[in-house]
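Me: I'm new to reading protein models, and I'd like a close look at one part of this one. Could you walk me slowly through how one chain meets its partners?

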There are 4 protein chains.
Amino acid sequence: MADFTLDVPISFGHCDPAGIVFYPNYFRWFDRCFHAFLQERAGGHRALCARLDAKGVGLMDVDARFPSPATEGDLMRLQMTLAEWGSKTLRLEYAGLVGGRAVVEGHELRGLFVLRDGRMRAGDMAPLRAILEGS
Amino acid sequence: MADFTLDVPISFGHCDPAGIVFYPNYFRWFDRCFHAFLQERAGGHRALCARLDAKGVGLMDVDARFPSPATEGDLMRLQMTLAEWGSKTLRLEYAGLVGGRAVVEGHELRGLFVLRDGRMRAGDMAPLRAILEGS
Amino acid sequence: MADFTLDVPISFGHCDPAGIVFYPNYFRWFDRCFHAFLQERAGGHRALCARLDAKGVGLMDVDARFPSPATEGDLMRLQMTLAEWGSKTLRLEYAGLVGGRAVVEGHELRGLFVLRDGRMRAGDMAPLRAILEGS
Amino acid sequence: MADFTLDVPISFGHCDPAGIVFYPNYFRWFDRCFHAFLQERAGGHRALCARLDAKGVGLMDVDARFPSPATEGDLMRLQMTLAEWGSKTLRLEYAGLVGGRAVVEGHELRGLFVLRDGRMRAGDMAPLRAILEGS
């Protein structure tokens, strides 16, 4: 059960000379999906950062696999799941489907970057979790 | 009265260090708007090119003005108008609005690129016009 | 005589399913060329803004024409000229050549955005001109 | 010892509202680095595909970690290593450094996509290896 879904109509300009999606675009869509989720749950990244006195909900690592290609005219449904909260990390899982066919699967590991005592640090995730889970 | 409208939710990743849309993105949205219109009217660019024995509905020139900035969380409504058909050109006009405020205005001049006698040429627009105007 | 030149090797990922440069990329290169020039002349956009108490050297309008296509493997030489200073504007002209062949020609009109009395305004260009012309 | 190095001057437009590189750009640079390597060793992707009767040297999976941020004005040196040849895969490893500081580390797993008997398949890597290793 996904926590958020973003529909992405694949356009001509998303594709490369082989006629399939140029892969860095999938990461733009991962990021956009997460930010659209923040918009819905917390009024957006900027409002969230102000509320948490944070610099950003930034990326630590990311990966993706591409089981099959997507091309112009396809409608990709990108599903995002809040998969695991650590004390200083949030693991997001993504699955992109065209029809029932998987075109991308991956994850992002994100942290909350805060400035404390003049240094950037990975902040405690509890306040973010409280906001995003609506508790 | 617009011929096609594309809603673009402005995301964090569309913006630059000044916190506003990085301007080349507006042209990605112009292009995407036109291709979404082709999808609706003609089954997409690829199907259209097959039908017209053409290489593409490509760009000759483009411009844009930016009366005011757009930022993350804004919803831009991008309106496209088929403004003028020439014998070998189609002029498309675009206006992007956030609320009632103009954030971008511009045009694209497009032609139909066809391979004839081994050379790429600007083709006659009449067959494209017939398809896009549904006559 | 160009004021700055940026060499852009055209890569696979810059091109679309028609095998030619996806046009919004040209504007990323216009912008990158201008910022590389700022880097060389003024230590970069951020340093320049700090020195001028400005928010940015932003875009007012832009256009481009595409006399011929560029494709993967091409080396584009992008030449930028400081074409005209107005009291509140700077007109930059760009010409992109592959071999001796023109692939893009265009201009950007930029202004200096400053926050004064709580409002964003177009600032006087004289201090920017003095820095960029090294006088 | 890297097999190929691509210098990437980080520009304003590569960065997001947090003032650091918007992460999908790192994957554009991974891909560009690999294609620049193909250009040098094999005359580019298109020539290589023609020679191998292949559709492309496409991506199967990819990942990246971001030990520290990069920002405008930084010069990133991106080093690529041909890390491991499988019978149907090539593993490429990437490390991006600003000064001596790591800003990105990751890998791509690529295959050779060929059309055989009307179906797209992962082709044997031996001919590609022979070309890229110059044997």
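Reply: Happy to! Let's begin where chain A meets chain D: 17 residues of chain A are in contact with 17 residues of chain D. Please keep in mind throughout that this is a predicted model, so every value here is computed from it.

How much area is buried between chain A and chain D? The figure is about 1,400 Å², and carbon and sulfur atoms give 67% of it. If you wonder about the choice of an area, the size of an interface is often given as the accessible area lost when the parts come together.

Now for the links across this interface. Between chain A and chain D the rule finds zero salt bridges. There are, however, eight residue pairs in polar contact, with both residues at pLDDT 80 or more.

Which elements of chain A supply the touching side? At least two residues each come from α1 (24-42), β2 (56-65) and β5 (101-116) of chain A. Of the elements, β2(A) gives the most to the side of chain A that touches chain D, namely seven residues. Sorted by class, that side of chain A holds 10 nonpolar residues, seven charged residues and no polar ones.

Stay with β2(A) for a moment. This strand pairs with strand β2 (residues 56-65) of chain D, in the antiparallel sense and over five bridges. To find the pairing on your screen, look for D61(A), which stands opposite R65(D) in β2(D).

The two chains are also related by a rotation. A turn of 180 degrees, with a shift of 0.0 Å along the axis, lays chain A on chain D with an RMSD of 0.0 Å. Which residue of chain A comes closest to that rotation axis? The residue is D63(A), with its C-alpha at 2.0 Å from the axis. The same surface serves both copies, as 100% of the contact residues of chain A recur in chain D.

Chain D has another neighbour to compare with, chain C. Here 14 residues of chain C are in contact with 14 residues of chain D. The area buried between chain C and chain D is about 1,300 Å², and carbon and sulfur atoms give 44% of that area. The count of salt bridges between chain C and chain D is zero, while four residue pairs are in polar contact, both residues being at pLDDT 80 or more.

On the side of chain C that touches chain D, the elements giving two or more residues are α1 (24-42) and α2 (45-52) of chain C. The most comes from α1(C), with five residues. By class, this side of chain C divides into one nonpolar, eight polar and five charged residues.

Symmetry turns up here too. Chain C superposes on chain D by a rotation of 180 degrees with 0.0 Å of shift along its axis, at an RMSD of 0.0 Å. That is the relation of a two-fold axis. Among the residues of chain C, V8(C) comes closest to the rotation axis, at 5.7 Å for its C-alpha. Once more the same surface serves both copies, since 100% of the contact residues of chain C recur in chain D.

So where can you find a salt bridge? Over all chains, the rule gives 36 salt bridges. One of them is inside chain D, where R110(D) forms a salt bridge with D31(D) and the closest N and O atoms are 2.8 Å apart. R110(D) lies in strand β5 (residues 101-116) of chain D, whereas D31(D) lies in helix α1 (residues 24-42) of chain D, so the pair ties together parts that are 79 residues apart in sequence.

Finally, step back to see chain A as a whole. Its secondary structure comes to three helices and six strands. Along the sequence, the pattern of chain A reads β-α-α-β-β-β-β-β-α. Taken along the principal axes, the C-alpha atoms of chain A fill a box of roughly 50 × 30 × 25 Å. With that picture in mind, go back to β2(A) and trace its antiparallel pairing with β2 of chain D once more.

Definitions and conventions: Residues are numbered from 1 along each chain as its sequence is written. Chains are lettered from A and ligands numbered from 1 in the order in which they are written. This is a predicted model: local features need pLDDT of at least 70, side-chain atom pairs count only at pLDDT 80 or more; totals for chains, interfaces and linings use all residues. Side-chain values use heavy atoms; hydrogens and water are left out. Contact means heavy atoms within 4.5 Å. Buried area is the accessible area (1.4 Å probe) that two parts lose on being put together, summed over both. A salt bridge is a side-chain nitrogen of Lys or Arg within 4 Å of a carboxyl oxygen of Asp or Glu. A polar contact is a pair of N or O atoms within 3.5 Å; within protein, one must be able to donate a hydrogen and the other to accept it, and residues adjacent in sequence count only if both atoms are side-chain atoms. Helices (H or I, at least four residues) and strands (E, at least two) are DSSP runs, numbered from the N terminus. Ala, Val, Leu, Ile, Met, Phe, Trp, Tyr, Cys and Pro count as nonpolar, Asp, Glu, Lys and Arg as charged, and the others, Gly among them, as polar. Two strands pair if DSSP finds at least two bridges between them. Copies are superposed by least squares on the C-alpha atoms of residues with pLDDT of at least 70 in both.
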